[in-house]
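Student: Could you take me on a close look at the aromatic pairs in this one? I'd like the geometry, and then what surrounds them.

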Amino acid sequence: MAQQVLWAAAGTGFTFLMTTLGASLVFFFRKSVSDNFQRVFLGFAAGVMVAASVWGLLIPAMEEAEQNGSPGWMVGAGGVILGAAFLLVLDQLLPHLHLDAPKPEGRPASWRRTTLLLLAVTLHNIPEGMAVGFAFALAAGEAGDPLVTGAAALALGIGIQNFPEGAAIALPLRREGMSTGKSFLYGTLSGAVEPLFGVLAVVVASFAQGLMPWMLSFAAGAMLYVVVEELIPEAHLGEHSHLGTLSVLGGFLLMMVLDTTLG
């Protein structure tokens, strides 16, 4: 399990680093990101996560299930449903606030606005950390398999979309009057949940190796929930946007190419 933990820590550490680098832009720019930047970033993130869910998680999950003698379609569909249900429950229970939203979601709480904003991004990043962790756990269990480079491609794709995410958190907080240092800290912390859940995913997988296909499809379902519930609607910012649509396609194609060429 030690090797699996190290690989997952390295993969999610990279995605966390990219979030930190994005948040560091607050030291160079004082203004918030423009609406067009948000459209591009959110659409790109949605495309990356859809492609990662299919090529990096669902297809390996169904192939692994079939090798174990289980129907691949059943494991894939069942895991997606469970993963989406998990995020749905968290979405209903955990108080959080999306940028530019009129009021918080989840259970009522008297927490500060900055805390609620941070929790919204935390919900977004939980499935990303799980996805990278499970992918590396599967790859480490099959040394020399192309799943190793597939897991690396997954981490690379998520890391690329995490860079603008860090900026999209830190810059609006600076605009609202928070100090530069605190804005950077909050932007960085928004990605800290990924290494935590990545390593946790490996630990869970080590005690239930036979359930690995279910875990992979579970992570895919959680990611798809975030895409459909948050990213694609917000990529249009209340109106139809060709820029948001093209960004979704761009992110999808990039992640597809990364996974198929590297994995």
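Tutor: Searching the whole structure, which is a predicted model, turns up three aromatic pairs. Let's go through two of them. Take F27 and F184: their ring centres sit 5.2 Å apart and the planes meet at 50°, so this pair is tilted. The tilted label needs an angle that is neither under 30 degrees, which would be stacked, nor over 60, which would be edge-to-face. In sequence the two partners are 157 residues apart, with F27 in the loop between α1 (2-23) and α2, and F184 in helix α6, so to speak a link between distant parts of the chain. As for cover, F27 is partly exposed at 45% relative accessible area, and F184 also counts as partly exposed, at 23%.

The other pair is W55 with F252, and here the geometry is edge-to-face: 5.6 Å centre to centre, with 65° between the planes. This pair links distant parts of the chain too, W55 being in helix α2 and F252 in helix α9, 197 residues apart. W55 is partly exposed, with a relative accessible area of 24%, and F252 gets that label at 23%.

Back to helix α6 for a moment. This helix covers residues 180-189 and also holds T188, which is buried at 10% relative accessible area. Outside its neighbours within four places in sequence, T188 is in contact with F16, T19, T20 and A23.

Now for the helices of the W55–F252 pair. The largest nonpolar core has 48 residues, and L57, F134, L154, L216, M223 and L231 have the most contacts inside it. Both α2 (35-67) and α9 (242-262) are among the helices that each supply at least two residues of this core, along with α4 (113-140), α5 (147-175), α7 (193-207) and α8 (212-235). Zoom in on L231: apart from neighbours within four places in sequence, its contacts are L42, A45, A46, M49, H124 and V226. There's also a second, separate core of nine residues, including L117, L118, L173 and Y186.

Finally, have a look at the surface. W73, M74, L82, L211 and W214 make a nonpolar patch of about 540 Å². Helix α3 (residues 72-93) gives the largest share, three residues. L82 is found in that helix and is partly exposed, at 47% relative accessible area.

Note on methods:
Residues numbered from 1 in each chain as written. Predicted model: local features only at pLDDT ≥ 70, side-chain atom pairs only at ≥ 80, totals over all residues. Heavy atoms only, no water. Patch = residues over 30% accessible without salt bridge, like charges linked within 9 Å, V, L, I, M, F, W, Y side chains within 5 Å. Areas by Shrake-Rupley, 256 points an atom, 1.4 Å probe, with all protein chains shown as cover. Salt bridge = Lys/Arg side-chain N within 4 Å of Asp/Glu carboxyl O. Helix = DSSP H or I, 4+ residues; strand = E, 2+ residues; numbered from the N terminus. Buried < 20%, exposed > 50% of the residue type's maximum accessible area, 1.4 Å probe, protein only. Core = buried A, V, L, I, M, F, W, Y, C linked by side-chain atoms within 4.5 Å. Contact = heavy atoms within 4.5 Å. Phe/Tyr/Trp six-rings, centres within 6.5 Å; stacked < 30°, edge-to-face > 60°.
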